[in-house]
Amino acid sequence: MAILPDSIYSPDHLRFCIEDLDRYAAALERRDRGSKAALPELSTEASDLLGEIKGADSNRADVVRALVVELQRHLEVAPKVAITLAAPPPRGLKAELVEWLRANTVPEAMVEFLVNPDIAGGMVVRTANKIFDFSFRSKLLHEPMRFTRILERVR
């Protein structure tokens with residue numbers, strides 16, 4: 001399996017692409033049996049993925065079905081990483097975090113973004129067996145006197 005583009009980063013997003021490609025394959029199969037119905041429109045990500053990975057054979061139902069099977073397998077085995085932020089991240093930040101994570105850890109990683117205002121800032125990164133807490137809340141709880149000294153200087 002080729003590495004997924006950074007635009008397809010979450011398990012939910014990959015599931016959406018799989019469903020989109022599955023509908024497209026079904027329409028190709030109906031067309032091969034003589035249907036004159038138009039092919040469904042693919043999402044940009046599914047279309048790009050199909051074009052990048054399968055190229056000119058993207059109009060063959062068996063090729064699209066094989067891609068769907070490959071993507072489903074990827075979804076099952078790919079490492080999952082959850083990144084929790086204090087506020088919903090803008091698209092650019094998501095792309096930057098996914099790109100960094102895939103370049104510096106596992107290129108096949110699937111990333112889920114969560115929001116928890118209680119962390120106050122920073123982020124918490126959770127994998128299957130480890131939690132990295134870079135949150136502002138964690139820093140405050142681990143060094144309360146430092147925060148108090150900083151506040152005293154603000155007066």
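Let's start with T84, which is found in strand β1. Keep in mind as we go that what you see is a predicted model. Is T84 buried or exposed? At 9% relative accessibility, T84 counts as buried, because the cut-off for buried is under 20%. Setting aside the neighbours within four places in sequence, T84 is in contact with L114, V115, N116, I119, G122, M123 and V124. And how far is T84 from P107, C-alpha to C-alpha? These two are 23 residues apart in sequence and 20 Å apart in space.

From there, let's hop to S135. You'll find S135 in the loop between β4, residues 131-133, and α5, residues 136-142. S135 sits in a loop, and with 3% relative accessibility it counts as buried. Leaving out residues up to four places away in sequence, S135 touches I119, G121, G122, M123 and V124. You may recognise some of those names, since I119, G122, M123 and V124 are also among the contacts of T84. The side chain of S135 also makes a polar contact, at 2.6 Å, with the side chain of D133.

While we are in this part of the chain, please look at A120. A120 is placed in the loop between β2 and β3. What is the phi of A120? Its phi is positive, about 70 degrees, although A120 is not a glycine. Here is some background for that: most residues other than glycine have a negative phi. As for accessibility, A120 comes out at 49%, so A120 counts as partly exposed.

Now to V111, in strand β2, which covers residues 110-115. With a relative accessible area of 0%, V111 is buried. Which residues is V111 in contact with, leaving aside its neighbours within four places in sequence? They are Y9, S10, P11, V81, I83, V98 and L101. The C-alpha atoms of V111 and K94 are separated by 9.3 Å, and the two residues are 17 apart along the chain.

Next, the nonpolar cores. The largest one has 21 residues, and the members that touch the most others are L4, L14, L21, L50, V64 and L71. Three helices each supply at least two residues of this core: α1 (11-32), α2 (44-54) and α3 (61-77). Which of them gives the largest share? That is α1, with 7 residues. Apart from this core lies another, of 11 residues, and our friend V111 is among them, along with V81, L85 and L101.

Let me pick out L4 from the largest core. Not counting neighbours within four places in sequence, L4 is in contact with L14, L49, L71, H74, R102 and M110.

That brings us to R102, in helix α4, residues 91-104. R102 is an arginine with a relative accessible area of 5%, so R102 is buried. What does the side chain of R102 reach? At 3.1 Å there is the backbone oxygen of L4, and at 3.0 Å the backbone oxygen of A109. Beyond residues up to four places away in sequence, R102 touches L4, P5, D6, I8, Y9, P107, A109 and M110.

Finally, two pockets. How much space lies in the largest pocket? About 250 Å³. This pocket is lined by 16 residues, and V81, W100, L101, T105 and V125 lie nearest its centre. The elements β1 (80-85), α4 and β3 (123-126) each supply at least two of the lining residues. By type, the lining divides into 13 nonpolar, 2 polar and 1 charged.

The second largest pocket has a volume of about 180 Å³. Its lining is made up of D6, S7, Y9, H13, E45, R91, K94 and A95. Again α4 turns up, this time with the largest share of the lining, 3 residues. Here the division is 2 nonpolar, 2 polar and 4 charged.

If you want one place to begin your own look, try helix α4: R102 has its place there, and α4 also supplies lining residues to the largest pocket and to the second largest one.

Conventions. Residues are numbered from 1 along each chain as its sequence is written. This is a predicted model: local features need pLDDT of at least 70, side-chain atom pairs count only at pLDDT 80 or more; totals for chains, interfaces and linings use all residues. Side-chain values use heavy atoms; hydrogens and water are left out. A nonpolar core is a set of buried Ala, Val, Leu, Ile, Met, Phe, Trp, Tyr and Cys residues joined through side-chain atoms within 4.5 Å. Buried means under 20% relative accessible area, exposed over 50%, partly exposed in between (1.4 Å probe, protein chains only). Helices (H or I, at least four residues) and strands (E, at least two) are DSSP runs, numbered from the N terminus. Contact means heavy atoms within 4.5 Å. A polar contact is a pair of N or O atoms within 3.5 Å; within protein, one must be able to donate a hydrogen and the other to accept it, and residues adjacent in sequence count only if both atoms are side-chain atoms. On a 1 Å grid over the protein atoms alone, a cavity is a set of points where a 1.4 Å probe fits but cannot get out, and a pocket is an open set with protein on both sides within 12 Å along at least five of seven lines; lining residues have an atom within 4 Å of a point. Grid points are joined across faces, edges and corners, and a volume is the space filled by probe spheres set on the points. Ala, Val, Leu, Ile, Met, Phe, Trp, Tyr, Cys and Pro count as nonpolar, Asp, Glu, Lys and Arg as charged, and the others, Gly among them, as polar.
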